[in-house]
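Me: I am new to this structure and would like to learn how to read it. Please take the features one at a time.

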Amino acid sequence: MEEESDTRKINNSFLRDHNYATEADIISTVEFNSTGELLATGDKGGRVVVFQREQESKTQPHRRGEYNVYSTFQSHEPEFDYLKSLEIEEKINKIKWLPQQNAAYFLLSTNDKTVKLWKISERDKRPEGYNLKDEDGRIRDPSTITSLRVPVLQPMDLMVEATARRVFSNAHTYHINSISVNSDLQTYISTDDLRVNLWNLEITDRSFNIVDIKPANMEELTEVITSAEFHPQHCHTFAYSSSKGSIRLCDMRQAALCDRHSKYFEEPEDPSTRSFFSEIISSISDVKFSHNGRYLMTRDYLTVKVWDLQMENKPLETYQVHDYLRGKLCSLYENDCIFDKFECVWNGSDSVIMTGSYNNFFRMFDRNTKRDVTLEASRENSKPRAILKPRKVCVGGKRRKDEISVDSLDFSKKILHTTWHPQENIIAVAATNNLYIFQDKVN
Amino acid sequence: MEGAVDAQSLISMSLMKIHSSRTQRGGIKLHKNLLVSFVLRNARQVYLKERYAQIYRMQQYQEVLTVCDEIQELDPLDPLDPDLEEPGQDAALPGCGKDPDPPDPPDYPSCCLEAPLSHCTRTTVLDLDTHVVTTVENGFLHQDCCCAAPQCAPDPNPEPPDPNPDPAPRKRKGGFRSSEEEEEEVSDFTGSRKRLKREDGPEPNPEQLDSSNISNLISIFGSGFSGLLSRQADLEQICSKQALASLGAWTRAIVAF
């Protein structure tokens, strides 16, 4: 698919103009809301930055709405668990939006231990004409008041404020890796390495544990939960992925504790590709239901797979993201890159899937035409409104002029987090501390 | 899979990762350490298989030398074993006649035979207390497989000698019964591990304390979580089950959550 003209690089608003990236500015999650009007990013410093799309202007119809900073707030702070002598990182692991039900916007953000519900609302009027205090806020001497008046609301400059409405804490012993809002809009799940907890959005002092894979003896541990998500339409169904490369679909109507799955998706391992690192590269880093609820997509280290919910024994489609890394697994293990957790996303119509790679590359696969493209998110290689040029990695033999050889890939530049607008072809790609927003070619 | 040398570097890399994860911000990451322990297990399996293969070859060599000795003792004109008089036979028995002093089988369990090959003389040891990873150059494979560290390493307080006689002469009945030999090795192995467990109780000597802590650590790292044990009747499986009985710092760290 042809992509890209409006290449817009929006720095995190806290970035000074430095060449190095402060670790706190590294973006750790990106998420469009359900209409695509808002885009939220979370970073390692515990901050959330929300972008809002400009209203389309009638005078410049060819210029689609661009995203500007709408709100910025500190969601999580570093904490210390005194009992275990552990520092709790403030890094935002996931953000999930709630569908809009009134004028305010709500999102859930989580770090390793605590989920918070934030309300983002606008204030563009303020009351003026108080009796007991004057315009500066100073209290007036009651004896000087001779008449009463009714305060009136006067317009003011738009102010966007974020307030924490709920804090859901103390429910996770292990590190939270994902959250997912239910289609009933009343509950959500939070998932750590061994457990999935079900919450009601209104109740913060209680949660229900619905999946627990902790063995009686921790020495017998062989797999952990890596991600979980509710089905987009069926409020009783959710799926969770494991470090062993399997996905379990659970039905909450069957039992209170969903330890027994209703479906189990796993592809048998190909013994010819067995290596020291087989277990690591088969660990699933992300699982996403398609918008129509018929498919599941999973990402492991080298591939993206699309599963049909009706077929458990093998995936419907398998896409190689960067198979040229298979021969470099040992050095990727040494520099810890093999533990990178890439995410994957569907487009609005479930026809295209996208995921990130190294060297600031990201890949898109068209499920219908079976074509794929590799694109790069970088300042040097793209000017504003230029069309992104497809990139190619040379895997061996003669390297062509524009190709990059595997050994020149920069493994410190990785695209782990991407998101796709729910209706349009607009994508947001996080490259370390930079956020790139790409739109489809206009006209 | 790669050979034993790569396996050894993977083992030391994995141990370093586990060690450094203890001081990482945010606490020990269960998922990452689980994956690292898988690599450790895989590398250890390959490493041990290579070692056992070498030991097996070593024992074949021993057997060949024994046969050589027997041949030398025989009257060359004795018609009892016409096969042994084949001129090609001498060539097929390496070292026969050239090496009048075959190495004495040491009084250790068979896995601790001195190996003539250079690349199996290194052992990687991680001491979690001093935070030092050392690669020990010697002729013995200790800690990693037999855990009888006091027996193998030079020790001011030598342990009682291995009560099990060297299994090599027992099996030498001519012919190669490879599977049976391996099982017998295993039972010796098991025996040595059981003995270590009993001896493990009071530890008056700090040096012994260190080496048994390290040996516990290595065996636990080597086996990782017991659920990682392969389902096949594996040599390692039988050894590891014995070692898992003792709690090491690694499992304490996990259980501490």
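Reply: Start with a single residue: A:Ser109 is buried, because its relative accessible area is 0% and buried means under 20%, exposed over 50%, partly exposed in between (1.4 Å probe, protein chains only). This is a predicted model, in which local features need pLDDT of at least 70, side-chain atom pairs count only at pLDDT 80 or more, and totals for chains, interfaces and linings use all residues. Residues are numbered from 1 along each chain as its sequence is written, chains are lettered from A and ligands numbered from 1 in the order in which they are written, and side-chain values use heavy atoms, with hydrogens and water left out.

Me: In which strand is A:Ser109 found?

Reply: Helices (H or I, at least four residues) and strands (E, at least two) are DSSP runs, numbered from the N terminus. A:Ser109 belongs to strand 9 of chain A. That strand covers residues 105–110 and is mostly covered, with five of its six residues buried.

Me: With which residues is A:Ser109 in contact, leaving aside its neighbours within four places in sequence?

Reply: Contact means heavy atoms within 4.5 Å. With those neighbours left aside, the residues in contact with A:Ser109 include A:Ser75, A:His76, A:Ile92, A:Thr114 and A:Trp118. The side chains of A:Ser109 and A:Trp118 are also joined by a polar contact of 3.5 Å. A polar contact is a pair of N or O atoms within 3.5 Å; within protein, one must be able to donate a hydrogen and the other to accept it, and residues adjacent in sequence count only if both atoms are side-chain atoms.

Me: How do I read the pairing of strand 9 of chain A with strand 10 of chain A?

Reply: Strands of a sheet pair through backbone hydrogen bonds, either parallel or antiparallel. Here two strands count as paired if DSSP finds at least two bridges between them. Strand 9 of chain A pairs with strand 10 (residues 115–128) of chain A in the antiparallel sense over six bridges, and the two form a hairpin with four residues between them. Within this pairing, A:Leu108 stands opposite A:Leu117 of strand 10. Strand 9 of chain A also pairs with strand 8 (residues 94–97) of chain A, antiparallel over four bridges; there A:Lys96 has A:Leu108 as its bridge partner.

Me: In what order do the four strands of the open sheet in chain A come?

Reply: The order is 12-13-14-15, with antiparallel pairing. Strand 12 (178–181) and strand 15 (208–212) of chain A are the edge strands, each pairing on one side only. Neighbouring strands of this sheet are turned by 20 degrees against each other on average, direction ignored; the axes are lines fitted to C-alpha atoms, for helices over the stretch in contact, and angles run from 0 to 180 degrees between N-to-C directions. Inside the sheet, five bridges join strand 13 (residues 187–191) to strand 14 (residues 195–200) of chain A. A:Ser190 has A:Asn197 of strand 14 as its bridge partner.

Me: How many salt bridges are there over all chains?

Reply: Side chains of opposite charge can pair when their charged atoms come close. A salt bridge is a side-chain nitrogen of Lys or Arg within 4 Å of a carboxyl oxygen of Asp or Glu, and by this rule the count is 35 over all chains. One of them joins A:Lys305 and A:Glu267 (3.0 Å, N to O). A:Lys305 lies in strand 22 (residues 303–308) and A:Glu267 in the loop between strand 19 (263–265) and helix 1 (278–282) of chain A, so the pair ties together parts that are 38 residues apart in sequence. A:Lys305 counts as buried because its relative accessibility is 14%, whereas A:Glu267, at 34%, is partly exposed. Another salt bridge joins A:Asp136 and A:Arg138 (3.3 Å, N to O), and both of these residues are exposed.

Me: What about chain B?

Reply: Chain B has nine helices and two strands, and 51% of its 257 residues count as buried. One residue to look at is B:Lys32, in helix 2 (residues 30–73) of chain B. B:Lys32 counts as buried because its relative accessibility is 18%. The side chain of B:Lys32 makes a polar contact of 2.8 Å with the side chain of A:Asp336.
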